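Subject: Structure handover

Hello,

Here is the structure I promised to pass on. Please open it next to this note and follow along.

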Amino acid sequence: RWSRRVTETSHALDLEHRIFSGTPVEIARSLKRSAERSRRRKSSPFQSAMSMLTFYENRAGGNLRASRKRAIGKAKEELRKLFGRPTKPA
């Protein structure tokens, strides 16, 4: 699928292999590392990392188990913490 190709060959971020199958903390840390190292991104590291996470969630969302959807949501919260951004209210 084209979305898989995008996450594997993104021109904005060099993603680690099978990044989205880890724990929420692992996902967030990996995205943060990738975004901070990238010289090809067009926006801030936070925006690039969050955009990739949202892209994955939207494209794979229909096929994700409920537990993985929760993990992606927690990864977003963790990403906000790592970048010192306010968390969304519950």
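What follows is a short tour of the findings, from the helix packing to single residues.

Please keep in mind that this is a predicted model.

**Two packed helices**

Start with α3 and α4. Helix α3 covers residues 45-60, and helix α4 covers residues 66-82. Their axes come within 11 Å. They cross at roughly 175°. An angle over 145 degrees counts as roughly antiparallel, so that is the label for α3 and α4. On the α3 side, the contact is made by Phe46, Ala49, Met50, Leu53, Thr54, Tyr56 and Glu57. On the α4 side, Ile72, Ala75, Lys76, Leu79 and Arg80 take part.

**The core**

Next, look at the largest nonpolar core. It holds 20 residues. Among them, Leu15, Phe20, Ile27, Leu31, Leu53 and Leu79 touch the most other members. Three elements give two or more residues each: α2, α3 and α4. Helix α3 gives the most, with 7 residues. Leu53 and Leu79 also belong to the contact between α3 and α4.

Isoleucine 27 deserves a closer look. Leave out residues up to four places away in sequence, and isoleucine 27 touches Ile19, Phe20, Gly22, Leu53, Arg68, Ile72 and Ala75. Of these partners, Leu53 is on the α3 side of the helix contact, while Ile72 and Ala75 are on the α4 side.

**Salt bridges**

How many salt bridges are there? The count comes to 2. In general, side chains of opposite charge can pair when their charged atoms come close.

One salt bridge joins glutamate 57 and lysine 76. Their closest N and O atoms are 2.6 Å apart. Glutamate 57 lies in α3 and lysine 76 in α4, so the pair ties together parts that are 19 residues apart in sequence. Both residues also appear in the contact between these helices. Glutamate 57 is partly exposed, at 25% relative accessible area. Lysine 76 has 15% and is buried.

The other salt bridge links the side chains of lysine 32 and glutamate 36, with 2.8 Å from N to O. This one sits within a helix: α2, residues 24-37. The two residues are 4 apart, so about one helical turn separates them.

Is lysine 32 buried or exposed? Its relative accessibility is 18%. The cut-off for buried is under 20%, so lysine 32 counts as buried. Glutamate 36 is partly exposed, with 37%. Beyond its neighbours within four places in sequence, lysine 32 is in contact with Leu79, Leu82 and Phe83. Leu79 is one of the core residues listed above.

**Serine 21**

Last stop: the loop between α1 (2-8) and α2, where serine 21 is found. Serine 21 is partly exposed, with a relative accessible area of 42%. Which backbone atom does its side chain reach? The backbone oxygen of arginine 18, at 2.8 Å. Now compare serine 21 with alanine 71. They are 50 residues apart in sequence. In space, their C-alpha atoms are 9.3 Å apart.

**Where to look again**

For a second pass, try these places:

- The α3 and α4 pair, roughly antiparallel.
- The salt bridge between glutamate 57 and lysine 76.
- The salt bridge between lysine 32 and glutamate 36.
- Isoleucine 27 and its contacts, including Phe20 and Leu53.

Best wishes

Technical notes. Residues are numbered from 1 along each chain as its sequence is written. This is a predicted model: local features need pLDDT of at least 70, side-chain atom pairs count only at pLDDT 80 or more; totals for chains, interfaces and linings use all residues. Side-chain values use heavy atoms; hydrogens and water are left out. A salt bridge is a side-chain nitrogen of Lys or Arg within 4 Å of a carboxyl oxygen of Asp or Glu. Buried means under 20% relative accessible area, exposed over 50%, partly exposed in between (1.4 Å probe, protein chains only). A nonpolar core is a set of buried Ala, Val, Leu, Ile, Met, Phe, Trp, Tyr and Cys residues joined through side-chain atoms within 4.5 Å. Contact means heavy atoms within 4.5 Å. A polar contact is a pair of N or O atoms within 3.5 Å; within protein, one must be able to donate a hydrogen and the other to accept it, and residues adjacent in sequence count only if both atoms are side-chain atoms. Axes are lines fitted to C-alpha atoms, for helices over the stretch in contact, and angles run from 0 to 180 degrees between N-to-C directions. Angles under 35 degrees count as roughly parallel, over 145 as roughly antiparallel, 65 to 115 as roughly perpendicular and the rest as oblique.
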